[in-house]
Amino acid sequence: MFKGLYRISSVLIFLLLWEIAPRLGIVDAIFLPPFSQVAVAFWQLIITGELFTHISISLLRSLLGFSLGLSVAIPLGLLIGWFKGFEHFIDPLVQTFRQTSTLALFPVFILLFGIGEISKVAVIFWGVQWAVLLNTISGVKNVDPLLIKAAKSLGISKFSLFIKVILPASMPSILTGVRLSATHSILVLIAAEMLGANAGLGYLLFFAEANFLIPKMYAAIITMSLMGLIVNYSLVSLEKRVLKWKEELPSGT
C-alpha cells in the first residue's frame, strides 16, 4: 500500500498545488480555477452522461482510423524491412510523407471527404502510420543475424523463415510502434474535432473554451489525459501477454 501511495505521490502533490495556487492568488483563478471546481465540473459531465457520449464518439473514430492504419502500416513495414530492393524504391516517398504534418493535411482531407466522419477517420489513419511503419521496418532489419543463419542452416524455406523467425523477433519493435501510434491517434483526433465537429472530446474542449466554461474545459483536458493513460497501460498489458514467450537475458550478458 505504501509503495502504491509513493507512486502516485507526485500526482497528489501536483493536484494540491493546483488547488492552493489559485486560492492564494499566485495564479489567476479565472484562467486556472482550483482543482475542486474542475472536479465538480467533471462530476457534472459524468452524471449528465454528456462525458460518456463524447468519449464514445471519439473512441469510435480513433478505433476506426487506428485499425485501418495498422492494417496498412504493419504489412508495408514488413515488406520494406524484408525486401531491400523495395526499400530503396519506396523509402524516398515514405520519408517525404512522414515529414508532412498530419494536421496540415486536415484541410485537404476535408476538401476530399467533406467535414463528416470520413475526414476525421482519414486524418487518424494518416497520423498513426508512421510510428508503426518505422518501428516495423526497424524490427525486421534488426533481427539477430545469428537467428537467421541458424534457421537457414536447418534448410528452412524463405516463407517459413519469415513467419517463424523474422516476424516473432520483430514483434517487440512492432508493438512499441503500436503503443506510440495509439496515443498519437487520440491527440490527432482531438485536434481534428476542434477544427470541425459537433461531438467528441475535441468538440467539448473547443465548446467549453469558446463559451468561457473554464472548469469544464479543464475537465475535458483531464479526460483526454486519462484516456491516453488507459490506452497506454492496456497496450502494455497486451504486449506482456503477446511476448510472454520471450525469455529475459541473464544479467551481465
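Two exercises with worked solutions follow, on salt bridges and on a pair of helices.

The model is predicted, so local features need pLDDT of at least 70 and side-chain atom pairs count only at pLDDT 80 or more, while totals for chains, interfaces and linings use all residues. Residues are numbered from 1 along each chain as its sequence is written, and side-chain values use heavy atoms, leaving out hydrogens and water.

**Exercise 1.** Find which residue forms a salt bridge with E19, and decide whether each partner is buried or exposed.

Solution. Begin with the criterion, which asks for a side-chain nitrogen of Lys or Arg within 4 Å of a carboxyl oxygen of Asp or Glu. E19 meets it with R23, their closest N and O atoms being 2.6 Å apart. Next, locate the pair: both residues lie in helix α1 (residues 2-23), 4 residues apart, about one turn of the helix, where helices are DSSP runs (H or I, at least four residues) numbered from the N terminus. Finally, apply the accessibility classes (buried under 20% relative accessible area, exposed over 50%, partly exposed in between, with a 1.4 Å probe and protein chains only). E19 is buried because its relative accessibility is 17%, whereas R23, at 54%, is exposed.

**Exercise 2.** Determine at what angle helices α9 and α10 pack, and which residues meet.

Solution. Helix α9 (residues 158-195) and helix α10 (residues 201-210) pack at about 50 degrees, with axes 7 Å apart; the axes are lines fitted to C-alpha atoms over the stretch in contact, and angles run from 0 to 180 degrees between N-to-C directions. Then list the contacts (heavy atoms within 4.5 Å): I190, E193 and M194 in α9 meet L201, G202, Y203, L205 and F206 in α10.

Definitions and conventions. Helix = DSSP H or I, 4+ residues; strand = E, 2+ residues; numbered from the N terminus.
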